[in-house]
Amino acid sequence: MDEMMGLELKMPAPGNLNDDAQKLECYVALVSADSKLAGDWVRALNDTAARHDNPFGLAFKAVAPTDIEGLAREADCLQAVIVDGGSDTDGLEAADVLAGRIHALRSQLNIFLVAHGAVAGAAPLAGEPGGGALASLHRRFDELFDRREGNFNHMFRLVQAFIARRASTPFADTLKDYVFSARDAWHTPGHSGGDSLRDSPWVGDFYRFMGEHVFNTDLSVSVQVLDSLLEPHSVIQEAQDLAAQAFGARHTFFLTNGTSTANKVVIQQILGGGGKIIVDQACHKSVHHAIVMNRCEPVYLKSVLHPEFGIYGPVKRADIEVALDEHSDARLLVITSCTYDGLRYDLKPIIDYAHQRGVKVLVDEAWFAHGFFHPELRPTALECGADYVTQSTHKMLSAFSQASMIHVQDPDFDEFRFRENLNMHASTSPQYAMIASLDVARKQMAMEGYGRLKQCLQMVETLRRAVNETGVFRALTRDDLIAKPLAGDNIRLDPTKVTIDISRSGYSGNEMQIKLFDQYGIQVEKTTYNTITVLVTLGSTESKLLRLIHALKQLAGNTHRRIHVGAPRRLPEFTRFTCLPADAYFAETEELPLMDNGTKATQKLIGRTSADEIVPYPPGIPVLVPGQEISAQIVQYLQQLLQGQNTTEIHGLIFRSDEPMLRVVKTVSAGADTKGKKSTANKAGK
């Protein structure tokens with residue numbers, strides 16, 4: 001890559017930079033079929049770079065149109081592309097197509113157009129007569145340069161300015177500057193930059209353990225220079241705008257209390273006060289909570305269980321379409337993509353189907369914030385047309401826990417109402433280090449996301465190969481994880497979630513998790529009865545990979561027993577609603593024992609209405625939600641979980657003197673809610 005079109009280039013010497021900045025190198029490719037023009041321009045631009053302050057180490061390289069896609073795939077430090085559009089309309093059309101292909105490979109690259117000014121200026125805008133292939137010309141490129149112009153100083157500065165904006169962290173920089181200005185704090189929080197702890201004989205050790213900047217970056221809304229998360233106008237708004245650009249959204253909002261809050265905000269935006277919502281039964285519990293909080297009428301869709309591995313996948317596309325057809329009054333469809341296990345919907349046909357029926361779409365991408373930054377992971381929900389996307393930036397990227405984003409491209413978006421809904425849920429005392437981490441995580445993906453993810457995918461291949469070579473463990477493929485009912489739905493797999501079949505070892509997933517932790521100091525992400533799942537993230541290293549492979553090889557070699565470790569328990573069938581979830585949750589209730597010699601408890605509970613959400617972990621899918629009728633199958637399932645050898649968390653149970661109890665509606669009769677209305681359960685989800 002250092003030698004193109006016979007022209008060997010050297011990196012321009014950086015100016016007065018710190019050690020970290022001296023390591024920076026940025027390639028800018030000039031793409032032209034005119035080798036003379038390309039050679040002349042590249043020499044002139046590199047001469048200009050050598051004479052000017054060049055903090056990013058910009059080096060210009062000439063590339064033939066046929067070679068640029070290969071360069072985009074291989075050169076991680078490629079940051080910008082200048083495309084020569086020639087001097088006629090045909091050249092402009094070819095440049096536009098080429099820019100589209102480059103964007104499909106590397107969504108973050110700045111792309112500039114060099115063209116004959118008169119021709120480019122005459123290109124019609126989108127929506128104008130004769131737009132055709134040139135309709136995107138004025139939005140595809142960051143900037144246009146006249147082909148006849150020889151002001152290379154201006155071109156260099158402009159390219160550098162676009163890269164500098166992408167590399168900026170307006171909030172994080174302002175926070176750092178404020179901390180280093182060493183202001184005296186006479187405001188919240190009470191630890192006052194850590195001064196309350198630093199010299200304490202009792203808690204000074206905590207200060208030293210956590211470090212100085214954990215405390216002096218924990219500031220207050222009183223510090224006006226840091227902007228307001230609830231009403232941003234300066235550096236936080238700038239950071240959010242950069243995030244919207246980086247993730248491909250119209251608007252982006254930062255949150256410091258997780259995607260749980262993000263989901264609640266979006267559902268309140270669309271369904272505040274009530275309305276019908278179509279939702280995957282296996283969606284995150286925050287969606288079920290929002291249904292109660294906003295008095296929604298849910299239409300639950302059934303997730304597909306993979307019987308061999310106990311993994312619940314997406315909902316069948318046909319079931320989603322049936323629900324949309326049968327519930328024409330639904331206002332929102334909620335989909336989780338990718339799932340905890342990395343299974344991704346083919347979203348575009350589903351979103352298009354919903355939009356044709358006037359239904360908005362929220363996609364929970366909590367586990368897929370990295371998707372836009374590598375072509376093997378695209379398209380993302382935003383690219384497929386989702387109206388709202390929620391992402392846990394902390395799960396796969398470099399943000400702090402609880403740091404999340406909401407991305408919006410709803411054409412009917414009401415920003416004022418949205419801010420009010422957001423403010424109802426967000427803290428008035430946000431954690432500023434979290435906001436800074438969102439700013440920095442966005443910068444990292446914008447500047448090096450492609451290269452870092454390429455390394456992740458290479459580690460995935462190494463890990464999969466090593467796992468399979470043990471002869472005992474097996475890294476499950478996409479085809480392994482797709483249950484038969486989903487075979488025709490074009491379900492995809494996020495390879496960064498590596499699920500390993502351990503059934504031949506004779507250990508259960510829980511036992512394997514404990515062995516890896518106790519014997520090798522390795523903590524995995526999740527387990528089922530016969531699988532473990534590990535995440536390969538930006539923080540995965542070659543050393544960690546080596547230790548994981550070593551541990552698995554050791555465990556494979558020490559395996560002597562081949563016992564049957566059990567089978568996945570199928571969730572009981574989803575029963576009907578007797579009332580709205582909100583009516584059940586807030587109704588007068590009573591507590592009934594779940595065990596009580598088994599048979600007696602079952603008889604008392606059958607036909608009653610649950611007032612709470614009951615969620616076994618794993619798999620984390622509600623067995624009961626408020627308003628749902630309790631069946632004998634559900635009671636027996638919960639009893640079996642509590643009596644099993646392997647401990648299962650069951651969220652929502654009440655324990656009185658260690659006796660598990662279910663809260664049930666006391667006054668609502670079966671078949672009607674407190675207002676005498678019927679609630680609907682989707683036939684496709686039964």
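Seven cavities of 30 Å³ or more turn up in the structure, which is a predicted model. The biggest of the set comes in at about 100 Å³. Its wall is made by 17 residues, and those nearest the centre are Arg106, Gln108, Met445, Ala446 and Tyr450. Two elements, strand E5 (78-84) and helix H19 (432-469), each put at least two residues into this lining. H19 has the largest share, with 7 residues. As for chemistry, the wall of the largest cavity is a mix: 8 nonpolar residues, 5 polar and 4 charged.

Next in rank is a cavity of about 60 Å³. The residues around this second largest cavity are Gln281, Ala282, Lys302, Ser303, Tyr312, Leu571, Pro572, Glu573, Phe574 and Ile621. Sorted by type, they give 6 nonpolar, 2 polar and 2 charged residues.

Stepping back to the whole chain, the protein runs to 686 residues, 57% of which count as buried. Its secondary structure consists of 25 helices and 27 strands. Of the contacts with a separation of 6 or more, 75% link residues that sit 24 or more positions apart.

Helix H18 shows how one of these helices is set into its surroundings. Within H18, which spans residues 415-425, the buried positions are Phe418, Arg419, Asn421, Leu422 and His425. These five lie on the same side of H18, because the arc they cover around the axis is only 165 degrees. Phe416 and Met424, on the other side of the helix, are exposed. Several elements help cover the buried residues of H18, including helices H12 (235-247), H13 (258-271) and H14 (285-293). Strands take part as well, among them E8 (251-255), E16 (388-391) and E17 (404-408). At the N-terminal end, H18 is capped by Asp414, which has a side-chain oxygen 3.3 Å from the backbone nitrogen of Phe416.

Helix H8 (residues 170-180) is another case with a list of buried positions: Pro170, Phe171, Ala172, Thr174, Leu175, Tyr178 and Val179. The packing partners of these buried residues are H11, H12 and H19. H12 thus appears in two settings, as part of the cover over H18 and as a partner of H8. H19, for its part, packs against the buried residues of H8 and also supplies residues to the lining of the largest cavity. After H8 comes Ala182, with a positive phi near 55 degrees.

H11 (212-216), one of the partners of H8, contains Val214. Val214 is partly exposed, its relative accessible area being 36%. The C-alpha atom of Val214 is separated by 8.4 Å from that of Gly193, a residue 21 positions away along the chain.

Some backbone details in the loops deserve a look too. Asp227, in the loop between H11 and H12, has a positive phi of about 70 degrees despite not being a glycine. Is this residue buried or exposed? With a relative accessibility of 9%, which is under the 20% cut-off, Asp227 counts as buried. Arg295 is also a residue other than glycine with a positive phi, in this case near 55 degrees. Its place is the loop between H14 and strand E10 (296-301). Arg295 is partly exposed, at 29% relative accessible area. H14, at one end of that loop, is among the elements covering the buried side of H18.

Cis peptide bonds also occur in the loops. One runs from Ser337 to Cys338, with omega near 5 degrees. Cys338 belongs to the loop between strands E13 (330-336) and E14 (343-344). Another cis bond joins Arg378 and Pro379, and here omega is about 10 degrees. Pro379 is found in the loop between strand E15 (360-364) and E16. E16, which follows in that description, is one of the strands that help cover the buried residues of H18.

Notes:
Residues are numbered from 1 along each chain as its sequence is written. This is a predicted model: local features need pLDDT of at least 70, side-chain atom pairs count only at pLDDT 80 or more; totals for chains, interfaces and linings use all residues. Side-chain values use heavy atoms; hydrogens and water are left out. On a 1 Å grid over the protein atoms alone, a cavity is a set of points where a 1.4 Å probe fits but cannot get out, and a pocket is an open set with protein on both sides within 12 Å along at least five of seven lines; lining residues have an atom within 4 Å of a point. Grid points are joined across faces, edges and corners, and a volume is the space filled by probe spheres set on the points. Helices (H or I, at least four residues) and strands (E, at least two) are DSSP runs, numbered from the N terminus. Ala, Val, Leu, Ile, Met, Phe, Trp, Tyr, Cys and Pro count as nonpolar, Asp, Glu, Lys and Arg as charged, and the others, Gly among them, as polar. Buried means under 20% relative accessible area, exposed over 50%, partly exposed in between (1.4 Å probe, protein chains only). The arc is that of the directions from the helix axis to the C-beta atoms. Contact means heavy atoms within 4.5 Å. A polar contact is a pair of N or O atoms within 3.5 Å; within protein, one must be able to donate a hydrogen and the other to accept it, and residues adjacent in sequence count only if both atoms are side-chain atoms.
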